[in-house]
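Subject: Structure handover, with notes on its pockets

Hello,

Here is the structure I promised to pass on. Please have it open while you read the notes below.

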Amino acid sequence: MRAMMMLAALLLGGPATAQPIDRATQMRIDRILKSTPLIDGHNDLPEQLRENYGLRVDRLASGTAAWQPTGLMTDMARLRAGRVGAQFWSVYIDAAVHGDEAIRQTIEQIDIVDRLIAAYPRDLERAYTADDIVRIHK
C-alpha cells in the first residue's frame, strides 16, 4: 500500500509537460479549434485578482510593465496559445463568508470580469448564449 501511495504521489505530484506533437496531428488540432471553440468551464482568475492583486486587471497581456502579476495560471497570451474559444469566469466565495461580505466579494469579482472584458476587447467579449459564443469565435 505504501509503495502504491508513493507511486501515486510521484505520478500526480510532478508538473504536466507538453509532449511533442507530429505535424499531421497539429494540423488536425488547428483545423478543429479553428471551427470549434474550446470552452474552459472554470477559471478562478477573478478570485485570484481580488485576493492577491488588489483587483487589478492590467498587465495580463504580454509585454513589459512596472507591475506584472506572478503566479497566475491565466493571461491573454496563454489563453490565445491554448486556443481557448470561450471561458467561464468563476466567481468563487469561500463558504465561511456570509452576509454583506459575501455580497461584496461577489460584486467585486463580477466587476473584475467586466473590467477584464473592457481592458482586453481584442481578446474578450461577453457571451450570453451559445449562439454568442459561436458568433464571437468566428
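The notes below cover the two pockets I looked at.

This is a predicted model, in which local features need pLDDT of at least 70, side-chain atom pairs count only at pLDDT 80 or more, and totals for chains, interfaces and linings use all residues. Residues are numbered from 1 along each chain as its sequence is written, and side-chain values use heavy atoms, with hydrogens and water left out.

The largest pocket (an open set of points on a 1 Å grid over the protein atoms alone, where a 1.4 Å probe fits, with protein on both sides within 12 Å along at least five of seven lines) has a volume of about 870 Å³; volume here is the space filled by probe spheres set on the points, which are joined across faces, edges and corners. Its lining (residues with an atom within 4 Å of a point) has 28 residues, and Gly85, Ala86, Gln87, Asp123 and Glu125 are the closest to the centre. Strand 2 gives the most, six residues. Helices (H or I, at least four residues) and strands (E, at least two) are DSSP runs numbered from the N terminus.

The second largest pocket holds about 160 Å³ of space. Among the residues lining this pocket are Asp40, His42, Asn43 and Met73. Strand 1 (38–43) and helix 3 (45–52) each give two or more residues to that lining, with the largest share, three residues, coming from strand 1.

Best wishes
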